[in-house]
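Q: Could you walk me through this one, starting with the ligand?
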Amino acid sequence: MKFVSNVPIILASGSPRRKELLQTLGFHFEVLPSNADEAIDLIDEDFNGYVERLAQRKAKVVSETEKHSLVIAADTIVVFNGNVYPKPSTAEEAVKFLTSFAGKTHSVFTGICLQYGERTISFSEETKVTFKPLDEQLIKAYVDSGDPMDKAGGYGIQTTGALLVEKIDGDYLNVVGLPLSKFVDVMRKEGFLELKGGVFTDDC
Ligand SMILES: Cc1cn([C@H]2C[C@H](O)[C@@H](COP(=O)(O)OP(=O)(O)OP(=O)(O)O)O2)c(=O)[nH]c1=O
């Protein structure tokens, strides 16, 4: 299955996971990471609004110089007990994050923004992730691997961080940083992507 884009597309993200996920769709795009300031206020525990506003900020910075391209940006956070857990800034912080998630359920929110000139389309998705009860040795070994440091909440479900997880409720790829299924639905609905081919021919 392949998609073609109807406009030039820029992925405004430095996340290798988002790039790989978009590449699976087969359309051409460029990568131009955004240097937007990620410090914004949470309002009324509206986590969907929070990640959407962050994604908008990332997209707008790149769109300023790329007005004729569709700019795609995203932001992923972990939310536990009403608190936002972004990427840990130290290994000690990663250990703290993971210790508090052990045996409990947290949410992962990803917000996506599609900016095309003056047109802004945003949406977000929540996935619930339950961690197993974890022993100190496993947490320490995982943090020592360095894997948590570039990931929201300090783990990657797609890497050995999977060993911490008991179950999930929702879209797996939303946890990885891009809810691909919803993304394609919105891109098709808004006229930015079309399925290439898609009609079976009968040669008999
Ligand atoms: C929870 C979780 C997060 N992540 C990643 C997705 C995001 O890349 C990252 C959250 O940080 P983000 O700020 O959303 O993204 P980023 O800094 O990697 O890239 P950019 O801002 O340029 O788009 O955490 C995983 O890869 N696996 C996981 O299981």
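A: The ligand is surrounded by 20 residues, each with a heavy atom within 4 Å of it, and the closest are S13, G14, R18, K58 and K87. This is a predicted model, where local features need pLDDT of at least 70 and side-chain atom pairs pLDDT 80 or more, while totals for chains, interfaces and linings use all residues. Residues are numbered from 1 along each chain as its sequence is written, and side-chain values use heavy atoms, with hydrogens and water left out.

Q: How far is the polar side-chain atom of R17 from an oxygen atom of the ligand?
A: That R17 atom lies 2.9 Å from a ligand oxygen, and a polar side-chain atom of D75 lies 3.4 Å from an oxygen atom of the ligand.

Q: And which backbone atom of I157 is involved?
A: A backbone N or O atom of I157 lies 2.7 Å from an oxygen atom of the ligand.

Q: Switching topic, which residues of α3 meet α4?
A: From α3, A91, A94, V95, L98 and T99 meet I139, Y142 and V143 of α4, where contact means heavy atoms within 4.5 Å.

How values were computed. Helices (H or I, at least four residues) and strands (E, at least two) are DSSP runs, numbered from the N terminus. A polar contact is a pair of N or O atoms within 3.5 Å; within protein, one must be able to donate a hydrogen and the other to accept it, and residues adjacent in sequence count only if both atoms are side-chain atoms.
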